[in-house]
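Opening the notebook on this one. I want to look up the charged side-chain pairs, then go hunting for enclosed space.

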Amino acid sequence: MAMENSRKKQVYLFYCDECEDLARKVASQSDFINLQTIKWRSFADGFPNIFINNAQDLRGQHVAFLASFSSQAVIFEQLSVIYALPRLFVASFTLVLPFFPTGSFERMEEEGDVATAFTLARMLTNIPISRGGPTSLVIYDIHALQERFYFGDHVLPVFETGIPLLKQRLHQLSDSDKIVIAFPDDGAWKRFHKQLDRFPTVVCAKVREGDKRIVRIKEGNPSGCHVVIVDDLVQSGGTLIECQKVLAAHGAAKVSAYVTHGVFPKRSWERFMHKKDCSENAFAYFWITDSCPMTVKDIANKAPFEVISLAGSIADALQI
């Protein structure tokens, strides 16, 4: 143990306001992570007036920043800090961006489409090189693995996943021997099936019937099982709801859902809440991680939601 600890590095961890709770959880995982603070202020015109506390003490230290690009409004102020930290003669710099928000806008379907995943990747590629070399960029369950190639040589993307944390939670369930994993489409199957290959699977697909696109089961049998729908993120939740209906119609005993990123714009999480005096709710559990801090606050103590924290995984990633 002493030998292992001697190889670990002390990390000075900064964070944005939204990520304070997650940052404190990360720091509680290890004596080698030291929380640092930033004064997030604004000038009268609304533009950022930011001060990095104890900047002189960062020379020669391993430094990290925990970011949340939850809206366009906060990206500029966080990028200002992200660009500044590596210039303070730090030994290395790690950016932890659990949710890469433009990841699902990664391709062009017709001339004129703007692939904003590439835009954000270029912005992060321009992070200055620190004394230790390129920035390590930690992202969880990015929408498409090929987005790795959107980043230039000034950053080293480290793609992590929340799936091991989900597997731990599933093994704790009383009906863990009855779990079947369902994928809402072929994309989710391609993305996650190798990590969940010890579970029986169901694959759903959207098929066109007249002017409508209907969810159907493409392969697998959910009958009598606790079916867990797995995907990287949820927005409105419409596809998950349609999948639940189809799985229940085919005999699923229970249906739950897991997404790494609970985006839920316009409070769309309300569609999934358990209703009082209702003996049958559509979802037994809905697991999300704390990659989207604003959502975590919104759904706290509301069934069927349960938060699986990335804190331990992030603490480990900071030692890479």
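**Salt bridges**

I started with Glu-20 and Arg-24, whose side chains meet in a salt bridge, N to O at 3.0 Å. This is a predicted model, so I am reading all of these distances as computed ones. Both residues sit in helix H2, which covers residues 20–28. Glu-20 and Arg-24 are four residues apart there, about one turn of the helix.

Next I checked how open the two ends are. Glu-20 comes out partly exposed, with a relative accessible area of 31%. Arg-24 is partly exposed as well, at 45%.

Second pair: I looked up Lys-218 and found a salt bridge to Asp-186, with the closest N and O atoms 2.9 Å apart. Lys-218 belongs to strand S11 (residues 212–219) and Asp-186 to helix H6 (residues 186–192), so this pair ties together parts that are 32 residues apart in sequence. I put Lys-218 down as partly exposed, because its relative accessibility is 48% and exposed would need over 50%. Asp-186 is also partly exposed, at 32% relative accessibility.

Third pair: Glu-270 and Arg-267 form a salt bridge, and their closest N and O atoms are 2.8 Å apart. Glu-270 counts as partly exposed at 40% relative accessibility. For Arg-267 I noted a relative accessible area of 43%, so Arg-267 is partly exposed too.

How many salt bridges does the count come to? I get six, and the three pairs above are among them. A reminder to myself on the principle: side chains of opposite charge can pair when their charged atoms come close.

**Enclosed space**

Then I turned to the inside. Rolling a probe the size of a water molecule over the atoms shows where empty space is left. How many cavities of 30 Å³ or more turn up in the whole structure? Just one does. The largest cavity holds about 30 Å³ of space.

Which residues line the largest cavity? I wrote down Phe-99, Phe-100, Gly-103, Tyr-140, Asp-141, Ile-142 and His-143, then Asp-232, Leu-233 and His-261. Sorted by class, that lining has five nonpolar, three polar and two charged residues.

Last, I looked up which domains contribute to the lining. Domain 1 (11–160 + 312–318) and domain 2 (163–289) each supply at least three of the lining residues. I'm logging the largest cavity as lined from both of these domains.

Key. Residues numbered from 1 in each chain as written. Predicted model: local features only at pLDDT ≥ 70, side-chain atom pairs only at ≥ 80, totals over all residues. Heavy atoms only, no water. Salt bridge = Lys/Arg side-chain N within 4 Å of Asp/Glu carboxyl O. Helix = DSSP H or I, 4+ residues; strand = E, 2+ residues; numbered from the N terminus. Buried < 20%, exposed > 50% of the residue type's maximum accessible area, 1.4 Å probe, protein only. 1 Å grid on protein atoms, 1.4 Å probe; cavity = no way out; pocket = protein on both sides within 12 Å on 5 of 7 lines; lining within 4 Å. Points joined across faces, edges and corners; volume = space filled by probe spheres on them. Nonpolar A, V, L, I, M, F, W, Y, C, P; charged D, E, K, R; others polar. Domains from an automatic or database assignment.
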